[in-house]
Every structure is written in structure tokens, then in C-alpha cells.
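Reader: Hi, I'm new here and would like a close look at a single part. Could you walk me through the aromatic rings?
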Amino acid sequence: MLKDVKIESHFIPVDVKIRERILSYGDELNRSSPVKADHTRWRLHNDDRAFDSFIDKFHEIYPKYRISELWAVTYRQGDYAEAHNHFGFELAFAWFVDTCSHCTPLVFPDICHPWLAKENDRIITPSNGMLYVFGSKDVHYVAPHTCTHPRIVMSGNVVKLGDW
């Protein structure tokens, strides 16, 4: 059993304009993070109001928290995210913007029992509009993307009000 991994899920509808806006950014980090895919800058929300609707809905669901960092990732065939966490923040999230049920899942491995292979891993199958919120210390990864279409996700780091 996975130790101390709590994942909350919510549905936030996706505005089609967000998909196009994300695609327009391309790879601003040049694959310098654990995410080896097209990755926007870390604080996209500071200078692009296109994401305000999502941010407002997130803050309605989590009124005691604020998004500190917001970025988008576009995975193309073969792109992936190495195992990593978001240490230093209270929460992290992934919001599926443009995906299908065959897209590579978001995986939270059982790092306490890796010899059990994948039987204890928490696997999140992508679905458009689904928001998954988890603890910032929870290790997760995305295996190489196999679909021929892009897998587009918005992610972020969250702080508790009063902690910043």
C-alpha cells in the first residue's frame, strides 16, 4: 500500500482557448527540469490572464490556499517526466487540459516497496478537466507518452495562506 499519498480530485471544465494558448508557448525551459517535454515558464499566471478562470475556480475549491507557481506542459510522443516531487510547497496539482484515456498516466510509485513492481502504484488516468491535487512531497512521474496527439497538462505549486 502506498504510504501517506492523499490525492483529491475535482472537475474544472476546460476552455478551448487555454489549449491554444499553452501550445503557443512551446518549450521555454529547454527541457531543463525533470519534465522532458515542452514546458512553459514557472509563473505563467503572473503575466497571462488567460488562466484566470482556472485559478479562480481552484481558489474557490481551496480558499485557504494560493497558487504560487503555474506552468503548462505539452507531452509529444516519447516525452516524459522523471520521478520528482514539489518539496517546499504545501500542495501540487495536475489539471488535464487535452488528453485521452490512452494517454500515459500520472503515476505515484510505491517508493517504500519498489520490489512490488507496479501493483501498489497509484495510477491517474488522464481525463479532460480533471484536477488532481496532492502533497508536494509525493513522488510522481509520467512514462514516455505513446499517443500521436499532444498530452497537455497544467500543473502548479500551492502555498497555504499565511505561509507566504
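Reader: Which residues form one aromatic cluster with F54?

Author: Before the rings, a word on what you're looking at: this is a predicted model, where local features need pLDDT of at least 70, side-chain atom pairs count only at pLDDT 80 or more, and totals for chains, interfaces and linings use all residues. Residues are numbered from 1 along each chain as its sequence is written, and side-chain values use heavy atoms, with hydrogens and water left out.

Now to your cluster. F54 shares it with F58, Y62, Y65, F93 and W95. Rings of Phe, Tyr and Trp (for Trp, its six-membered ring) pair if their centres lie within 6.5 Å; planes under 30 degrees apart count as stacked, over 60 as edge-to-face, and the rest as tilted. Searching the whole structure with that rule turns up nine aromatic pairs. One of them is F54 with F93: their ring centres are 5.6 Å apart and the planes meet at 45 degrees, so this pair is tilted. It also links distant parts of the chain, since F54 sits in helix α2 (residues 52-61) and F93 in strand β6 (residues 91-98), 39 residues apart. Helices (H or I, at least four residues) and strands (E, at least two) are DSSP runs, numbered from the N terminus.

Are these two rings buried or exposed? F54 is buried, at 1% relative accessible area, and F93 is buried too, at 1%. Buried here means under 20% relative accessible area, exposed means over 50%, and partly exposed is in between (1.4 Å probe, protein chains only).

Another pair to look at is F108 with F134. Their ring centres are 4.9 Å apart with planes at 75 degrees, so the pair is edge-to-face. F108 belongs to strand β7 (residues 106-108) and F134 to strand β9 (residues 130-135), so the contact ties together parts 26 residues apart in sequence. F108 is buried, with a relative accessible area of 0%, and F134 counts as buried at 2%.

Rings can also have a charge for company. R151 lies over the face of Y75, at 4.8 Å from the ring centre. For that label, NZ of Lys or CZ of Arg has to be within 6 Å of the ring centre and within 35 degrees of the ring normal.
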